Each structure stands twice: as structure tokens, then as C-alpha cells.
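Subject: Structure handover

Dear colleague,

Here is the structure that I am passing on to you, with notes on what was found in it below. Please read the notes alongside the sequence and the coordinates.

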Amino acid sequence: MAQNVAQKLIHSHLVSGTPEPGNEIGLSIDQTLTQDATGTMVMLELEALGLTRVQTELSVQYVDHNLLQTDEKNPEDHQFLQSAAQRYGLWFSKPGNGVSHPVHQARFGRPGTTMIGSDSHTCAAGAIGMLAIGVGGLEIAMAMAGDPLYVQMPEIWGVELTGELPDWVSAKDVILEMLRRYGVKGGAGRIIEYHGEGLKHLSAMDRHVIANMGAELGATTSVFPADDAAEAFFNAVGRPDDFTRLVADEGAQYDVVEHIDLSALEPLIAKPSSPGNVVPVREVAGEEVFQVVVGSSANPGLRDFAIVAEILKNKQSHDQVSLDINPTSREILMDLTKGGWTFNLISSGARIHQSGCMGCIGMGQAPAVGRNSLRTMPRNFPGRSGTDEDAVWLCSPETAAAAALTGSITDPRDLEMDYPQVKLPETYSVNTDMLLPPLDEAESLEIELVKGTNIKSLPEFDELPDELEVPVLLQVGDDISTDEIMPAGSRVLPYRSNIPKIAEFVYIQVDDTYHTRAAETPDGHAIVGGENYGQGSSREHAVIAPRHLGLRVVIAKSFARIHWQNLANFGVLPLEFTAPSDYDRITQGDILKFSGLREALQKGRAVTATLQGEPLELQHKLSDRQVEMVLAGGRIPQRAAQDEGETPREEVKPAPPEG
């Protein structure tokens with residue numbers, strides 16, 4: 001039977017389950033990616049699991065998010081992560097080496113392999129024919145310990161691309177078009193596979209841009225074939241032997257289909273404060289701009305910076321605009337310098353920052369209150385920039401450069417100049433000096449974890465009780481993001497390895513009394529949400545911290561995939577309304593009563609609570625495996641109980657995918 005690329009990747013790594021949409025399947029994992037904002041939890045989880053050495057083919061720990069060293073917390077975490085990488089057998093990418101996703105694609109990515117990452121934008125590696133999925137940190141720790149990844153089998157959404165992008169329109173506009181059509185929930189429960197003759201006009205890094213922001217559609221991941229464009233990329237980064245062709249069979253089918261004519265696209269922009277709030281640039285032209293930031297994993301390629309430099313060549317950025325450039329790797333910065341583009345950017349008034357995520361995660365580059373900031377980044381959720389009342393817009397490098405010149409939102413087609421032709425080098429710079437390889441096993445066993453005063457061990461969580469009576473401490477609306485549950489930014493993220501401290505910031509942007517009220521409710525509480533609860537970042541702090549404060553149950557109309565998985569991983573029960581209209585029956589402060597809860601979860605999908613003396617019909621979508629995990633209080637206590645008398649598991653090595 002003819003298979004598409006996603007099916008080949010899944011079937012070649014399948015270790016359990018039937019790959020039909022909605023079924024839980026287990027996949028063997030070849031590679032893992034962790035970064036510092038989430039990786040500290042992963043390393044503490046490895047410690048809690050008692051792991052000796054990672055069991056994956058390759059695991060890499062990056063430091064790319066929390067680069068600002070305003071006090072001792074971040075450098076101490078960096079030292080801890082380096083010691084953990086040495087202890088457990090990981091590669092370590094030092095601070096300033098670059099953003100994890102483009103660096104990984106250039107140095108470690110390989111077609112036909114699976115990868116999971118504790119960063120929702122791990123899906124960017126789908127650009128080169130990988131099955132790369134963003135998950136919570138505990139999923140990474142378990143994969144490092146040799147467990148499969150368990151996911152609900154998605155539908156496969158085939159998006160046919162035809163035509164060629166016109167001048168002043170680039171890959172960012174392709175994914176913004178998808179978001180314009182489908183919004184932030186449009187990809188839920190799906191793998192997006194791009195195919196069609198239009199692919200021949202998109203480079204591997206163009207595809208990275210599109211695959212990266214599939215996370216904003218809520219997709220499980222995005223996949224491109226490993227074809228001529230991927231082969232050219234591997235040749236350019238000096239790794240030709242790591243390329244393997246992987247393309248869809250002739251006649252391959254998809255569960256859902258869509259078509260985009262690239263030649264018909266125009267410059268698009270996502271208005272504040274959602275990636276799904278997309279309109280044509282000309283519709284909002286003339287809005288004043290005070291900040292332009294170019295960089296991030298959403299536009300990480302050499303071309304994305306070079307085109308800005310060419311547009312700004314021999315020109316000065318507008319007087320009121322702060323123009324910030326975040327090179328995505330040291331190698332990119334080297335090639336920008338070799339090509340003369342760094343000179344163009346500096347001459348135009350740009351500030352060149354370190355190679356890292358920086359403003360994308362709110363670590364510096366915060367905008368002024370209410371002043372428009374245009375960014376080539378993937379997300380603009382409220383407050384993510386580090387400014388509570390921000391006004392962040394998402395756009396292509398071309399649109400960003402036009403605003404930098406004019407001081408207002410400008411369709412780049414309206415600039416009085418020809419579209420610059422960027423000539424990229426045939427081979428890119430290679431500099432691996434800041435990538436530290438794993439120690440051999442004998443050496444690693446001698447390494448002690450370096451823990452500064454800000455690093456605290458994981459809290460221990462108890463089993464789910466059979467009888468539960470909890471108040472609803474918070475009721476929120478649709479599309480609540482993990483940035484709103486557990487904020488990013490330079491004030492909060494330095495406490496990422498200190499759960500008791502970071503818990504003080506839970507929901508602070510939505511209700512700054514939540515932490516205090518939770519601390520005064522020692523017997524547990526519930527939260528009620530709307531549609532797509534927990535969208536956005538994979539950070540499991542958005543579960544661990546409220547769980548530390550006593551969260552036992554979240555009831556929502558629907559959940560975002562990673563957050564739902566994280567809730568179960570840490571023993572928080574995720575329930576959905578059987579009738580979504582029942583959301584309106586609940587008021588903050590109401591008491592929910594559950595009786596015979598453990599038996600109900602083990603018997604089926606239905607769970608009944610009592611609300612003001614009346615039944616409230618709820619349901620769950622947990623697999624039998626996840627039910628037992630929630631009952632045990634989470635995956636770590638469950639694993640500890642299993643390991644007490646467990647016999648060694650037989651290693652399963654699936655066959656490689658056929659091209």
C-alpha cells in the first residue's frame with residue numbers, strides 16, 4: 001500500500017498500538033532535544049528516575065533561552081545542565097552557540113529518524129524528513145530512559161503546494177496563511193504533511209519556518225519529504241553522508257486535504273495577541289511601529305537575516321524604531337559577516353544581540369507598554385514579550401525590514417525599490433567548538449551534579465484520592481496559553497529549577513490572587529477552562545507549579561495536546577465537559593465533589609461530579625496506561641513502583657523507513 005512520508009516514519013518506529021486516528025500508539029525515539037528553560041526539569045527528572053545513562057541514539061542539551069545573567073541564577077543553572085549532560089551522556093551546546101532548533105537541524109538532524117523535544121517548536125525538524133514532536137519534559141526523560149513515546153495517532157493532513165512565491169513574499173507568509181485559514185486550533189490532532197510541485201521552490205530553511213509554526217496551529221507535528229532541497233542542505237552544512245532520501249510513494253493518500261497556490265499569496269501579519277489573528281499587511285498599514293526584532297527559531301536561516309540586510313543596505317532605520325537582530329547561531333553570524341550583511345545591519349542602526357531566543361521568550365528586548373513591536377517570531381501571546389500590556393505582531397523578515405525603514409507597518413511591496421536578490425554561499429560555515437560531546441560511560445559515572453542554591457529537587461506528589469471535594473479556584477476562557485498559566489520572561493524563568501518559588505507566579509497575569517488562595521486551600525482545588533486549554537509552550541512548569549499548589553483536577557471544553565499530556569504525567573486529572581454548555585453552570589468558588597473516582601476512571605470514560613447538589617457529567621480521553629499513571633500520582637511515582645519488581649524490558653528496534 002502506498003504510504004506518505006508521515007506514515008513511513010510512524011510505521012518504521014511503531015512498537016505498540018494500531019496507527020489509526022485516535023488510537024494510542026507507542027513510538028521508539030532516536031533523538032531528544034532539551035533546552036535550558038525546560039531542560040533543568042528533565043535533568044531533575046532523570047535524577048529522580050535514578051538513570052545511569054541515556055538510552056537514545058543521541059540526546060542534546062541546549063542553552064538558548066535564559067542567556068541574560070542578571071544575577072547568579074542563570075549561570076548556576078547552566079553549570080547544572082552541563083554537569084547533567086556529562087553525567088547522563090548528552091551532548092551540550094554552550095550558552096551563545098545558538099537556538100536549539102536550527103543548530104540541531106544543521107548538526108544532528110537526520111531524515112527518517114524520530115525526535116522529541118521539551119520545546120513545542122521541536123516540530124521544526126520536520127523540514128528535513130524527521131518525525132519531530134514537541135512534548136513535556138517528563139516524556140523526554142522517559143525516552144532517555146528507554147521508554148517509547150505514547151501519543152494518540154493523529155490524522156495526516158496533506159497540504160499540496162503549487163506555484164512559486166512572488167517577490168516580497170516568503171515562507172513566513174505560507175504558515176501565516178495556514179493560520180489565517182484555520183486559527184490556533186486548526187491542526188489539533190493532525191500531522192501536517194506538505195507536498196506538491198511547489199516544494200521545489202522552498203529551501204530546507206524555508207521549510208523549517210513553516211514546520212516550526214505548525215505548533216501554533218496546534219498540530220502534533222509537520223513533515224516535509226527529504227528530497228533534493230534537503231540533500232542540498234546537508235551538502236551545504238558539510239554532512240552529505242547523513243542524508244537519506246525519504247519521499248511519499250506515488251498514489252499516497254491523506255486523511256484531510258488542502259491546497260495552497262504559493263503564487264497567490266501576499267504579505268501577511270498576525271495582529272496582537274494571537275498567532276491566529278492574521279490579516280494582510282495592507283489592511284493594517286500605517287500603524288506606528290517602535291520596535292522591530294529579527295531572529296528566533298521561526299525565521300532562523302541565513303536568508304532571513306540577509307534579506308533584511310539587503311533591504312536596509314545604505315539606509316538608516318527610522319528614528320523611533322529600535323531595530324534588534326538576534327542571530328540564531330554563531331555559524332549564522334559568521335556567514336552574515338563573511339557576506340558583508342553584518343556591516344549593512346550595523347550601519348543601518350541595528351543592535352546585534354547574542355545568538356539565542358532572547359526576546360522570543362521575554363528574556364530582554366521587552367517593548368514599551370502599548371507600543372507596536374513587529375517580530376519574526378512564532379508567538380505573540382499576551383505578556384510573553386516581558387511587558388504585560390504588550391502589542392506584538394508577527395511577520396516575515398521582509399515586512400519587518402519595511403517597518404524598520406518607515407516607522408510604521410508597511411507592505412514591503414510598497415517600498416520604492418526592487419526586491420533584493422540574496423545570493424547565499426554554496427557551503428555554510430561550520431563551527432562546532434561550543435558543542436561538547438558526551439563523556440564515555442566510565443568518566444560520566446564520576447561526575448557529580450552541580451547544584452546551586454536555586455536548584456531544588458522535584459516535589460513528591462501523592463496518589464489521586466477516591467473521594468475528592470475541591471473548590472474551583474479559577475475559571476478562565478478559551479485559548480488560555482501556558483504563557484498565561486506560567487509566564488516566561490526575565491523575572492520568572494530564572495526560577496525554572498525551583499518549583500516552590502516559580503509557583504508564586506502561576507496565573508499572575510490572569511489573577512494575581514490565585515497563588516495566595518491556593519496556598520490557603522491545603523486540601524486541593526480545581527481549575528475550569530474553555531476551548532484549547534493550555535495551548536502554546538510545552539513547559540511543564542505550567543503543570544508542576546500549580547500541582548505543587550494543590551491542583552488536582554482541570555475541567556475544560558478541550559485541551560491542547562502537550563498540556564493535556566503534561567497534566568496526566570504529573571497526576572492532575574484532565575476532564576472535559578460532556579455538554580460544553582455546562583461550563584456556564586460553574587462559577588469560581590463552587591465546590592465540586594467526586595465519589596468513587598478511581599473506580600470510575602478505571603471502568604470507562606464517564607466521570608460524574610456533584611455541583612451544588614446536582615450531577616455534572618464529565619468525560620476523559622486518557623488511555624488505560626494514562627489512567628493508571630494519574631491514579632499513581634504521576635509517571636515518576638508509577639515508574640518507581642513498577643521498577644521495584646520489574647524484569648528487564650526487551651529492546652525493540654524497528655526497521656528504518658523506506659524512501
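Asp479 sits in the loop between strand S21 (468–475) and helix H14 (482–485), where helices (H or I, at least four residues) and strands (E, at least two) are DSSP runs numbered from the N terminus. The phi of Asp479 is near 60 degrees, a positive value in a residue other than glycine. A second backbone feature is the peptide bond from Pro272 to Ser273, which is cis with omega near 0 degrees, and Ser273 belongs to the loop between S13 and S14. For background, most residues other than glycine have a negative phi, and most peptide bonds are trans.

This is a predicted model, in which local features need pLDDT of at least 70 and side-chain atom pairs count only at pLDDT 80 or more, whereas totals for chains, interfaces and linings use all residues. Residues are numbered from 1 along each chain as its sequence is written, and side-chain values use heavy atoms, with hydrogens and water left out.

Turning to the sheets, seven strands close into a barrel of mixed pairing in the order S21-S22-S23-S24-S27-S26-S25, two strands being paired if DSSP finds at least two bridges between them. The twist in this barrel averages 40 degrees from one strand to the next; axes here are lines fitted to C-alpha atoms, for helices over the stretch in contact, and angles run from 0 to 180 degrees between N-to-C directions. Within the barrel, strand S22 (residues 525–529) and strand S23 (residues 551–556) run parallel and are joined by five bridges, and Gly529 has Ala556 in S23 as its bridge partner.

Another seven strands form an open sheet, also of mixed pairing, in the order S14-S13-S19-S18-S15-S16-S17. Its edge strands, each pairing on one side only, are S14 (278–280) and S17 (351–352). Strand S15 (residues 291–295) runs parallel to strand S16 (residues 322–326), with five bridges between them, and Gln291 is partnered by Ser322 of S16. Helix H12 (residues 397–406) lies across S15, S16, S18 and S19, at about 150 degrees to S15, with contact meaning heavy atoms within 4.5 Å.

As for helix packing, the axes of H20 (residues 624–632) and H21 (residues 635–643) come within 7 Å and cross at roughly 95 degrees. That makes H20 roughly perpendicular to H21, since angles under 35 degrees count as roughly parallel, over 145 as roughly antiparallel, 65 to 115 as roughly perpendicular and the rest as oblique. Arg625, Glu628, Met629 and Ala632 of H20 make the contact with Arg635, Pro637 and Gln638 of H21.

Finally, the second largest pocket holds about 780 Å³ of space, a pocket being an open set of points on a 1 Å grid over the protein atoms alone, where a 1.4 Å probe fits, with protein on both sides within 12 Å along at least five of seven lines, and lining residues having an atom within 4 Å of a point. Grid points are joined across faces, edges and corners, and the volume is the space filled by probe spheres set on the points. Among its 37 lining residues, Ser203, Asp206, Arg303, Val422 and Leu424 are the closest to the centre.

Best regards
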